[in-house]
Amino acid sequence: MPAGSAEGRAEQIATLNTIVHKMTVSPTFASLLEQLEEAARQGSLDDWQAASVRESQRSYLLASRLPESFVRELTRTASLAQHSWRRARAESDFSIFAEALTRLVDLKRQEASLYGYEEDIYDPLIDLYEPGMRVSTLRPVFERLKAGTERLLTRIANAGVVPEHAFLHEHYDGDRQLEFSKRIVEAIGFDFSTGRVDLSAHPFCTSFGLHDVRLTTRVFPNDLRSCLFGLIHEAGHGMYEQGFDVRYDRTPLAGGASMGIHESQSLFWENMIGRSEPFWSWAYPQLQRTFPEQLAGRSAEDFYRAINVMQPSFIRVEADELTYNLHIILRFEIEHALINGDMAVAQIPEEWNDRMERYLGIRPANDAEGCLQDVHWSFGGFGYFPSYTLGKLYAAMLYNQAQKDLPNLIGDIQAGRFEELLGWLRSKVHQWGRSRKAHELIHDVCGRELTEVDFLEHLERKIDSVYRTSI
Ligand code: ZN
């Protein structure tokens, strides 16, 4: 879109959102919902149909709390804010974005108050992405995760070695990278008969129903990781979408239980499987055949260690499994303070940089590599960031449970057999779509509440093998 069209598009999106809002809160829709709720109470609906009514009721209740004029104002402001964020990031100057962000924070505070809350004004905003989650549940988990991460970073520093990884940045032909990555996601179970893969600037997964799931990735000829792990990640999202109960197609249940659960499915495949030793003992010989010159003399173990190097860096999307969560916790703390009115927008750059220094030991040189790097705040996505870390914690919990339930799991991965594992995810997670809440789902599958313990133990084992800290 031409840069000069932002104002026009802001108005168009505001009009569309207002129309959708009007339809959602219309008396006709409300009375249909009421009839369906009555039917559910009398037991004349199947479980999944009742769940579908419950989901519709939830969207209805949320929408009905917001006056039409507010929806118009919020949509318009968010659309314009995205435009000023883009300019601010290009010029690495936070002050260009500050005014729009201030208006947006103010509107999100109003939105949270309109939804209502019992404990914390940030709660209704997380609830939009992670239904049922509260600051009072999240904060202690994040505090323990932060402490555990600091401990592991010290362990790495004490190891005094960084595994050789420069060879990942030799020249790797882009077409061959993409071909190899597609073969891998097909092998783990992404169904190409109802899905496809294309290229884009930022990888994503989108779907237009259970039988049309589309993934994108990007290719950097001087970085072997980006295309492959980007695609495995998106395929994890895609297999979730392909795995919903077919009856849910075109209903409110054809979606993830929460953003955190959706992210757990991408991270399960990307990190728990795709960055593991058993996986590369199977996949590495194929990779080596694809790039014989660049990988000559490198063993599967060399490769495994190289792709798991962990060190502090400025950009969230490029961060490793361990330090990534500190990027999220920093954002959570800042946006929680903004929404609570404990921090002014003007303080963001300094608060950001101070926290980067405290948690990761590095200080951004400018706003572009600091507080302007992410798009989320510019569209009003406050409450979204925790989903990424929740996804990591859920993925580690699910993996531990899979190992208990599937005694052959490691051997299967080493042999490139993923049917049983995918079947396990299908029956435990995928098929349920949005018919069950995230915490119910996790509790039913793992028999426990959300915890950071599995994730930290997984990383401790990984650090021992990558940095050889136990030897
Ligand atoms: Zn994702």
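Biologist: Which residue caps the N-terminal end of α10, and which backbone nitrogen does its side-chain oxygen lie by?

Modeller: S258 caps α10 at that end, with a side-chain oxygen 3.3 Å from the backbone nitrogen of G260. Here a polar contact is a pair of N or O atoms within 3.5 Å, where within protein one atom must be able to donate a hydrogen and the other to accept it, and where residues adjacent in sequence count only if both atoms are side-chain atoms. The model is predicted, local features need pLDDT of at least 70 and side-chain atom pairs count only at pLDDT 80 or more, while totals for chains, interfaces and linings use all residues. Residues are numbered from 1 along each chain as its sequence is written, and side-chain values use heavy atoms, with hydrogens and water left out.

Biologist: How far apart are the end C-alpha atoms of helix α10, and what should its 15 residues span?

Modeller: Helices (H or I, at least four residues) and strands (E, at least two) are DSSP runs numbered from the N terminus, and the expected span of a helix is 1.5 Å times one less than its number of residues. For α10, residues 259-273, the expected span is 21 Å and the end C-alpha atoms are 20 Å apart, which agrees. Even so, α10 has a kink of about 40 degrees centred on L267, the bend being the angle between axes fitted to the seven residues ending at a residue and the seven starting there.

Biologist: How many of the residues of α10 are buried?

Modeller: Buried means under 20% relative accessible area, exposed over 50% and partly exposed in between, with a 1.4 Å probe and protein chains only. In α10, 14 of the 15 residues are buried, so the helix is largely enclosed by the rest of the structure.

Biologist: Where is S276 found, and is it buried or exposed?

Modeller: S276 is found in the loop between α10 and α11, and it is buried, with a relative accessible area of 10%. Its side chain reaches the backbone oxygen of I273 at 2.7 Å and the backbone nitrogen of F279 at 3.4 Å.

Biologist: How many aromatic pairs does a search of the whole structure find?

Modeller: Rings of Phe, Tyr and Trp (its six-membered ring) pair if their centres lie within 6.5 Å, with planes under 30 degrees apart counted as stacked, over 60 as edge-to-face and the rest as tilted. The search finds 24 pairs. In one of them, the ring centres of F268 and W269 are 5.9 Å apart and their planes stand at 65 degrees, so the pair is edge-to-face. F268 is buried at 0% relative accessible area, and W269 is buried at 1%. W280 and F303 also form an edge-to-face pair, 4.6 Å centre to centre and with 65 degrees between the planes. Since W280 lies in helix α11 (residues 277-290) and F303 in helix α12 (residues 300-307), this pair ties together parts that are 23 residues apart in sequence. W280 is buried at 0%, as is F303 at 1%. Ring pairs link a cluster that includes F268, W269, W280 and F303, together with others such as F229 and F418.

Biologist: Which residue lies over the face of Y388?

Modeller: A charge sits over a ring if NZ of Lys or CZ of Arg is within 6 Å of the ring centre and within 35 degrees of the ring normal. R316 lies over the face of Y388, at 4.8 Å from the ring centre, and the charged end of R436 sits over the ring of W432, 4.4 Å from its centre.
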